[in-house]
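Biologist: Hey, have you got a minute to walk me through this one? I'd like to start with the basics and then poke at a few residues.

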Amino acid sequence: MAWDKHNKFGLQLQDLDQDPLAQFECWFQQACEANISEPNAMILGTVSREAQPFMRAVLLKSFDFNGFVFFTNYTSRKACHIEANPQVSLLFLWIALDRQVQILGTATKIPTTESLRYFATRPRGSQVGAWCSHQSSAISSRAVLDSKFEEMKQKFRTGEIPLPCFWGGYRVVPHSFEFWQARHNRLHDRFLYTKKESAFWEIQRLSP
């Protein structure tokens, strides 16, 4: 890893924004400017009813002071986990910058109007695809999926494609952020933001 290129001076408390969202926005922008492939890719962690952790990569579609938004099928495995336990984790890993950010928070469905607004911006093929998959369910072959896609493409061959009732977004409202910057000798810099009352964020340096 290119230690000196990105972290010659490491990460210092005085360099951090007091607002973790502003700090995240700064790092996210730097990741975008570094031409990293899919800088908005994040690992979403959920836990099943049997307490089995699951992880998968999803794409962050927007973020602001209200939280971090991603979209999925509401019948998917991740959605079932969130229904049972809305406490989730998000992990952004930007290896080219020797950085990662972990976010812990609570996931809730966003209003249908917000999901519809985003759905309308998707490529038409992706809109059709949303109607084809009962996400996470077993299928006998790829041909089944391709056949369903052709069926839906014909069904919606003209006009706008409606938003599926089983598809939409989740917003993760954070209660902690951890910013990690790689350093020499594995003595990495780690800072944890924890949400306190009155929207105050406590910042602590963690041992690597």
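Modeller: Sure. One term before we start: helices and strands here are DSSP runs, numbered from the N terminus, with at least four residues for a helix and at least two for a strand. Also keep in mind that this is a predicted model.

Biologist: Got it. So where does glutamate 38 sit?

Modeller: Glutamate 38 is in the loop between H2 and S1. Its phi is positive, about 50°, although it is not a glycine.

Biologist: Why point out the sign of phi?

Modeller: Because most residues other than glycine have a negative phi.

Biologist: Which other residue has a positive phi without being glycine?

Modeller: Asparagine 185 is one, with phi near 60°. You'll find asparagine 185 in the loop between S7 and strand S8, which covers 189–195.

Biologist: How open to the outside are those two?

Modeller: Glutamate 38 is partly exposed, at 45% relative accessible area. Asparagine 185 has 70% relative accessibility, so it counts as exposed.

Biologist: Okay, zooming out. How many helices and strands does the protein chain have?

Modeller: Six helices and nine strands. The C-alpha trace spans about 60 × 35 × 35 Å along its principal axes.

Biologist: And what share of the residues is buried?

Modeller: 38% of the 208 residues in the protein chain. As for the outside, the accessible surface is about 12,100 Å², and carbon and sulfur atoms make up 53% of that.

Biologist: What about charges?

Modeller: There are 24 positive and 20 negative charges in the protein chain, and their mean positions are 7 Å apart.

Biologist: Now the inside. How many residues are in the largest nonpolar core?

Modeller: That core has 33 residues, and Phe24, Phe68, Phe92 and Trp94 have the most contacts inside it. Helix H2, residues 20–33, gives the most to this core, with five residues. Another core of 14 residues lies apart from it, including Phe119, Cys132, Phe156 and Ile161.

Biologist: Let's do a helix. Which residues of H3 are buried?

Modeller: In H3, which runs over residues 77–84, the buried ones are Lys78, Ala79, His81 and Ile82. Looking down the axis of H3, these buried residues fall within an arc of 160°, so they line one face of the helix.

Biologist: What covers the buried residues of H3?

Modeller: The cover includes strands S1 (41–47), S2 (53–59), S4 (67–73), S5 (87–94), S6 (99–109) and S7 (167–181).

Biologist: You listed a histidine there. Why does histidine 81 count as buried?

Modeller: Histidine 81 has 7% relative accessibility, so it falls under the cut-off for buried, which is 20%. Not counting neighbours within four places in sequence, histidine 81 is in contact with Thr46, Val47, Ser48, Phe54 and Arg56.

Biologist: What's going on with that arginine, then? Is arginine 56 buried or exposed?

Modeller: Arginine 56 is buried, with a relative accessible area of 17%. It lies in strand S2. Leaving aside neighbours within four places in sequence, arginine 56 is in contact with Met42, Ile43, Leu44, Gly45, Thr46, Lys78 and His81.

Biologist: How far is arginine 56 from methionine 42?

Modeller: They are 14 residues apart along the chain, and their C-alpha atoms are separated by 8.2 Å.

Biologist: Got another pair like that?

Modeller: Try alanine 107 and glutamine 87: 20 residues apart in sequence, and 6.4 Å apart in space, C-alpha to C-alpha. Alanine 107 lies in strand S6 and is buried, with 3% relative accessibility. Beyond residues up to four places away in sequence, alanine 107 touches Ile82, Pro86, Val88, Tyr170, Arg171 and Val172.

Biologist: Last topic: H5. What do its buried residues pack against?

Modeller: The buried residues of H5 pack against helix H4 (112–119), helix H6 (142–155) and S7. In H5, Gln127, Val128, Ala130 and Cys132 are buried.

Biologist: Tell me about the glutamine. What does glutamine 127 touch?

Modeller: Not counting residues up to four places away in sequence, glutamine 127 touches Phe119, Ala120, Arg122 and Ile161. Its relative accessible area is 8%, so glutamine 127 is buried.

Key: Residues numbered from 1 in each chain as written. Predicted model: local features only at pLDDT ≥ 70, side-chain atom pairs only at ≥ 80, totals over all residues. Heavy atoms only, no water. Buried < 20%, exposed > 50% of the residue type's maximum accessible area, 1.4 Å probe, protein only. Arc of directions from axis to C-beta. Contact = heavy atoms within 4.5 Å. Areas by Shrake-Rupley, 256 points an atom, 1.4 Å probe, with all protein chains shown as cover. Lys, Arg positive; Asp, Glu negative; His and termini not counted. Charge placed at Lys NZ, Arg CZ, Asp CG, Glu CD. Core = buried A, V, L, I, M, F, W, Y, C linked by side-chain atoms within 4.5 Å.
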